[in-house]
Amino acid sequence: MQKTRRFVAYLKRIPSDIRKLFREPLLLTGIVLVSAFLFIFIVFPLFKIFHLSFEDDGRLSLRIFFELLSKDYNVQPLIHSLHLGVFVSILGTVIGFVFAYAVTRVDIPWKRFFNVTATFPIIAPPFMMALAMILLFGKQGFVSSMILNNVIRFEIYGFNGLLAVETLTYFSTAYLTLYGVLQAIDPALEDAALDLGASKWHVFKRITLPLAVPGIASAFLLIFSQSLADFGNPMILAGNYTILATQAYLTIVGMYDMKGGAALAILLLIPSIIAFCLQKYWVSRKFYITVTGKPSSTRIKMDHPVTKYGMFAICLLLTAAIFLFYGMIIFGSFVKLWGANHTPTLDNYIHVFTVGWGYIKDTLLLSAIATPTAGLLAMIIAFLVVRKNFPGKRLMELVSLLTFAVPGTVVGIGYILAFNEYPLKLTGTAAIIILLFIFRDLAVGVQTGIAELQQIDPSIEEAATDLGADSATTFRRITLPLITPAFYAGLAFTFVKCMTAISAVIFVVSGKWNLITIAILGSVENSDLAQAAAFSVVIIVFILLALWLINFLVNLMGVKKKISFEKAEAL
Amino acid sequence: MKRVKIILAISFVFFFSSQVMAQEALRMYTSLDPNEAKVYIEAFIKDTGIKVDWVRMSAGEVLARIKAEAKNPQVSITYGGPSVEYIAAKKEGLLVPYKSPVGAPFLKGNLKDPEDFWTGFYFGAIGFGNNTAWFEKNKVPLPTSWQDLLRPELKANISIAYPYTSGTSYTTLATLAQLMGEDKAFDYWKKLEPNIHHYNTSGSACITQAGLGEIAVGIAFSHDILAKGTSKGYPVKGTFPSEGTGYEIGAMGLVKGGKQHDLAKKFIDWSMSKRAQDLMQVWFRIPLNPEATVAAGATKAADVKLINYNDEWAGSNNKRLIEKWRQTIGK
């Protein structure tokens, strides 16, 4: 009853909202433009995929879809992907939790160091972890041949190898999510329980853990979607364990079987969307807010030596593994011929800067155009969604967040279906790559923008409006400066994503515009491991330089808050 | 001040795009290894002053790509990869003919398309790239026949590419079908399946993997075995099946609707020249120009037992054979 009344009230408000919009033509144009862009570059490509799979002689039909599902070579990858996703999520969440718990609750040394190292895998270029896995544990690998002397054999191709590299990559996500959650739990609760005589284990079991459950579920679902969307690692390590994202790619790139590829894309999309909806609309609603406003500085430090040193050892082991993987890539990039001739050489870098120079130039140029555009667009969307009333506002928010849930492979397939024909013939242009960059990772910028804006009192903006400023001026002069930290966090995140993009752009690159990640794929496909390693190192260096530059700019502009890159990623 | 900045930013973007558009470049897809392709393409640029924008993809991927782009072609030439892929492309109406005056005197018989839709420029035979260290250590003799590959000792120790992405692998499939008869060939591959460690997208990748010892045997073209294995210093030795093996005539062709056909024709003529064909020594390919020098140690047609390989049949049955392979193997 109440709902209906509210809905009626909403409907009654629409005409006045629209009337208000017409008084501000610039705002109206903005809304229409943003909506149009979101529709064309996010919704339309997805629609094309469904259209191709479910249309049969002009009618809606499941025939083609079921026919494809009857084929073993389509069903196997689905089972494999889900199986892998579940295991990576469990393992990654457990490790992320241990790490976050150790850093927030246990009195271990080197916390800052662990905190930084745990975020390293975020900037790993695609293929890098899998590549390092081969360099370390392949049959000629550093560990398998030099340390274990081939006594113990690992089969790194297939499930085991993928589980290892994906866990090591995506535990970061769990760590960042759970770090935030554990930080937010008011220690007063734990203190109270302790004062009442509960043992430390009991406090953990009955208070800390239950309060962290939504965070754990959230981390699990986030890792699950990331594992499903992973393209780079399976491309190298899947072996005979076929995975949806790579099979969809091979179906289209190897056979130009658009219908088959689209069907695989849908198989990939469904579990991702389910995970996204669960995370967004179910788990995140259950977060317990225990922040009381009073500053509470006492955190219980688990100081039992077994717990303390046990956890310290786990953290140390994991960071050692991360350093080993990164170190191996750097070492591998300076080696003449991996596995046969380990004389140090700069040949691989010469290759990178001669043959690869065009790739580097294009990547930097396209990223440099896409990054600020995406950042600005995200802030505009956040501003519209939080501060303005107009019909379809919720839908705009949902669509812009949707990009987070859709695996890159699906987006890429949608783009070639949607933009290869008149009137939107974009294939082969730089525009399609830039657009893909912009709309691919819009969600994070929008999320941070919304979160930041919600914390800012609207009265400042209202004051500006009262003094006669229109929406555009308010946005430019008041809102944007206030949300600068979010804006820069969004910039940093988008830039990293552009530099490491592969799963979607792989479908739209052409001879004219190339990307470093595509060059890595080429090297990997030809098993030129050392060259691939050199390209990866170059990507990492560029990312670090760019992050430094963005931070420098922020400081230069006198923004007090440090960019919270971690925060952006955790969202 | 703000306006000025915006104008500056926009003009910056335009400057960059106009820079790129300044000189028309020949746009190309190639299936040659990027390390090899760069040698030829750089030489071409040096000789002619024509700029080349190129992307490397496996031969099957190139075919799929030009099919996908048929309404909006992105390149003018595809360079490298076995003739079977070009026969399939011709059948789909994706190519336009060009008869190179430079190649005409020596391109006879199956070295080019009868109607000049594609032009051959090298020869290579399918063989096995074996990691000799593995064979010595495990005291297994090197495989010298297709049947040898079925040995239980080689379980999960062989690698090849997907027949649908790679021209190398498709040539192998077509060879087996012609050698054994189609049904028996698929029976054979089913028996081979337990010995396959994994499939690659690129045909020559298995040679590096054999060199690294990730696998014991890679099935690939003779020149890739030498160029990416033996000559690089890996313990890799090539052997060839005694029952007979198939081969490729590596080809190139003009893509229908491409915008730089004049440049592409110059590229084809250049590729037929002694100068260009001599360069192929770096990769141990057998040149088709009789005046060109053959690399020492390269595998010539006379060195191996070849089947009477029918590339016309292989190219025409491309789609059907691949679907049958996917149904049978399930990959």
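Begin by selecting Phe99(A) in this predicted model, and then add the residues that Phe99(A) contacts once its neighbours within four places in sequence are set aside, namely Phe114(A), Ala118(A), Tyr175(A), Cys315(A) and Leu318(A).

Next, widen the selection to the largest nonpolar core, which has 277 residues, and in which Phe99(A), Leu131(A), Met133(A) and Ile433(A) are those with the most contacts inside the core. Colouring helix α16 of chain A, residues 357-387, shows where the largest share of this core comes from, since that helix supplies 14 residues.

Now turn to chain B, whose secondary structure comes to 13 helices and 11 strands. The radius of gyration of chain B is 21 Å, close to the 20 Å that the globule rule gives for 331 residues, so chain B is as compact as a globular protein of that length. Along its principal axes, the C-alpha trace of chain B spans about 75 × 55 × 40 Å, and 55% of the 331 residues of this chain count as buried. If you display contacts in chain B between residues at least 6 apart in sequence, 77% of them join residues at least 24 apart.

Finally, show both chains together: where do they meet? Here 45 residues of chain B are in contact with 38 residues of chain A. On the side of chain B that touches chain A, the elements that each supply at least two residues are the helices α1 (2-21), α2 (34-48), α3 (59-68), α8 (205-212) and α13 (318-329), together with the strands β1 (26-30), β2 (52-56) and β7 (196-200). Coloured by residue type, this side of chain B divides into 16 nonpolar, 16 polar and 13 charged residues.

Note on methods: Residues are numbered from 1 along each chain as its sequence is written. Chains are lettered from A and ligands numbered from 1 in the order in which they are written. This is a predicted model: local features need pLDDT of at least 70, side-chain atom pairs count only at pLDDT 80 or more; totals for chains, interfaces and linings use all residues. Two residues are in contact if their C-beta atoms, placed from the backbone, lie within 7 Å. Helices (H or I, at least four residues) and strands (E, at least two) are DSSP runs, numbered from the N terminus. Ala, Val, Leu, Ile, Met, Phe, Trp, Tyr, Cys and Pro count as nonpolar, Asp, Glu, Lys and Arg as charged, and the others, Gly among them, as polar. The radius of gyration is taken over C-alpha atoms; the globule rule is 2.2 Å times the number of residues to the power 0.38. A residue is buried if 20 or more other C-beta atoms lie within 10 Å of its own, exposed if 12 or fewer, and partly exposed in between; C-beta atoms are placed from the backbone. A nonpolar core is a set of buried Ala, Val, Leu, Ile, Met, Phe, Trp, Tyr and Cys residues joined through C-beta atoms within 7 Å.
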